[in-house]
Amino acid sequence: YREAELILTERTAISPLYLGSEGVLVRQQSVTPEKVEGEVEVHITSKGDNSCMLNVAITDPDGVRTYTKRQRAKPVVVPFTIENPALWSPDRPALYTVTATIGDETVTDSVTVRTGFRAIAASTADGLTINGERIPVHGVTLYHDNALSGGTLAPEDYDADLQQIRELGANALRSAVIPHAQ
């Protein structure tokens with residue numbers, strides 16, 4: 001019901017096979033309005049030499065580069081700090097772009113992921129809070145089917161479902177039976 005891809009890479013590439021990811025994982029460790037500290041973990045596959053030149057760049061929601069690092073290693077964890085970040089919230093979903101490239105003279109592979117930085121907490125007293133603001137949760141369960149196409153959903157079907165969910169006033173979604181499509 002979903003597309004399948006055959007992925008051809010150079011001899012040294014950012015691994016498209018690491019835990020169902022694209023090989024680039026962004027982990028935030030601390031988030032405040034003043035700064036975000038975290039790490040970018042890049043998984044590299046290589047036939048032969050185990051090291052390569054890695055470049056990591058983080059761009060803010062307005063397209064301004066806020067962090068860059070260049071180093072030789074495999075696999076690699078790159079710590080980062082971003083001062084005065086635009087924090088992600090349901091009302092303002094500020095997304096940063098994280099790009100990892102490998103190659104010395106020329107780029108042989110590149111992976112870009114988008115992420116939002118936010119502080120999430122949950123307690124019995126406050127419920128769910130994002131960046132210190134209480135967010136009431138109104139959720140729905142999404143089933144993987146459609147009256148016209150059955151279980152073979154197209155992107156337009158997902159868009160229609162999400163529009164209807166927004167119209168209901170829901171801000172949380174869970175899949176009833178299978179993982180969501182990308």
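Q: Which residues does Thr66 touch in this predicted model, once those up to four places away in sequence are left out?
A: In this predicted model, Thr66 touches Ile58, Thr59, Asp60, Ile82 and Tyr96, where residues up to four places away in sequence are not counted. These pairs count as contacts because they have heavy atoms within 4.5 Å. Thr66 itself is found in strand 6, which runs over residues 65–73.

Q: Why is Thr66 called partly exposed?
A: The relative accessible area of Thr66 is 30%, and partly exposed is the class between the limits of under 20% for buried and over 50% for exposed, so Thr66 is partly exposed. As for its place relative to Ile7, the two residues are 59 apart in sequence and 31 Å apart in space, C-alpha to C-alpha.

Q: What makes Ser46 a buried residue?
A: Ser46 has a relative accessible area of 18%, and buried means under 20%, so Ser46 counts as buried. The residue lies in strand 4, made up of residues 44–46.

Q: How do you know that the side chains of Ser46 and Thr12 are joined by a polar contact?
A: The distance between the side chains of Ser46 and Thr12 is 3.1 Å, and a polar contact requires a pair of N or O atoms within 3.5 Å, one able to donate a hydrogen and the other to accept it; the pair is therefore listed as a polar contact.

Q: Is His43 buried or exposed, and what makes it so?
A: His43 has a relative accessible area of 13%, and because the limit for buried is under 20%, His43 is buried. His43 is found in the loop between strand 3 and strand 4, and its side chain makes a polar contact of 2.4 Å with the side chain of Glu41.

Q: What makes the phi of Asn84 worth a remark, and where is Asn84 found?
A: Most residues other than glycine have a negative phi. Asn84 is a residue other than glycine, yet its phi is positive, near 50 degrees. Asn84 is found in the loop between strand 7 and strand 8, and at 63% relative accessibility Asn84 counts as exposed, because exposed means over 50%.

Q: Which phi does Asn131 have, and why is Asn131 called partly exposed?
A: Asn131 has a positive phi of about 55 degrees although it is not a glycine, and Asn131 is found in the loop between strand 11 (127–130) and strand 12 (133–134). Its relative accessibility is 29%, which falls between the limits of 20% and 50%, so Asn131 counts as partly exposed.

Q: How do you know that Asn171 is in contact with Pro136, and which other residues does Asn171 contact?
A: Leaving aside its neighbours within four places in sequence, Asn171 is in contact with Ile135, Pro136, Val137 and His138. For Pro136, the side chain of Asn171 reaches the backbone oxygen at 2.8 Å, and because contact means heavy atoms within 4.5 Å, this distance satisfies the definition. Asn171 is found in the loop between helix 1 (155–168) and strand 14, and is partly exposed, with a relative accessible area of 44%.

Q: What makes the lining of the second largest pocket seven nonpolar and one polar by class?
A: The residues that line the second largest pocket are Trp88, Pro90, Leu128, Ile130, Ile135, Val137, Asn171 and Ala172. Because Trp, Pro, Leu, Ile, Val and Ala count as nonpolar, whereas Asn belongs with the others, which are polar, the lining has seven nonpolar, one polar and no charged residues. The volume of this pocket is about 460 Å³.

Q: Which residues touch the most other members of the largest nonpolar core?
A: Of the 24 residues in the largest nonpolar core, Val24, Val40, Val42, Leu54, Ile58 and Phe80 touch the most other members. The elements that give two or more residues to this core are strand 2 (24–31), strand 3 (35–42), strand 5 (52–59), strand 7 (76–83), strand 8 (96–102) and strand 9 (109–115). In soluble globular proteins, nonpolar side chains tend to be buried together.

Q: How many helices and strands does the protein have, and what percentage of its residues count as buried?
A: The secondary structure comes to one helix and 14 strands, and of the 182 residues of the protein, 32% count as buried.

Key: Residues numbered from 1 in each chain as written. Predicted model: local features only at pLDDT ≥ 70, side-chain atom pairs only at ≥ 80, totals over all residues. Heavy atoms only, no water. Helix = DSSP H or I, 4+ residues; strand = E, 2+ residues; numbered from the N terminus. Buried < 20%, exposed > 50% of the residue type's maximum accessible area, 1.4 Å probe, protein only. 1 Å grid on protein atoms, 1.4 Å probe; cavity = no way out; pocket = protein on both sides within 12 Å on 5 of 7 lines; lining within 4 Å. Points joined across faces, edges and corners; volume = space filled by probe spheres on them. Core = buried A, V, L, I, M, F, W, Y, C linked by side-chain atoms within 4.5 Å.
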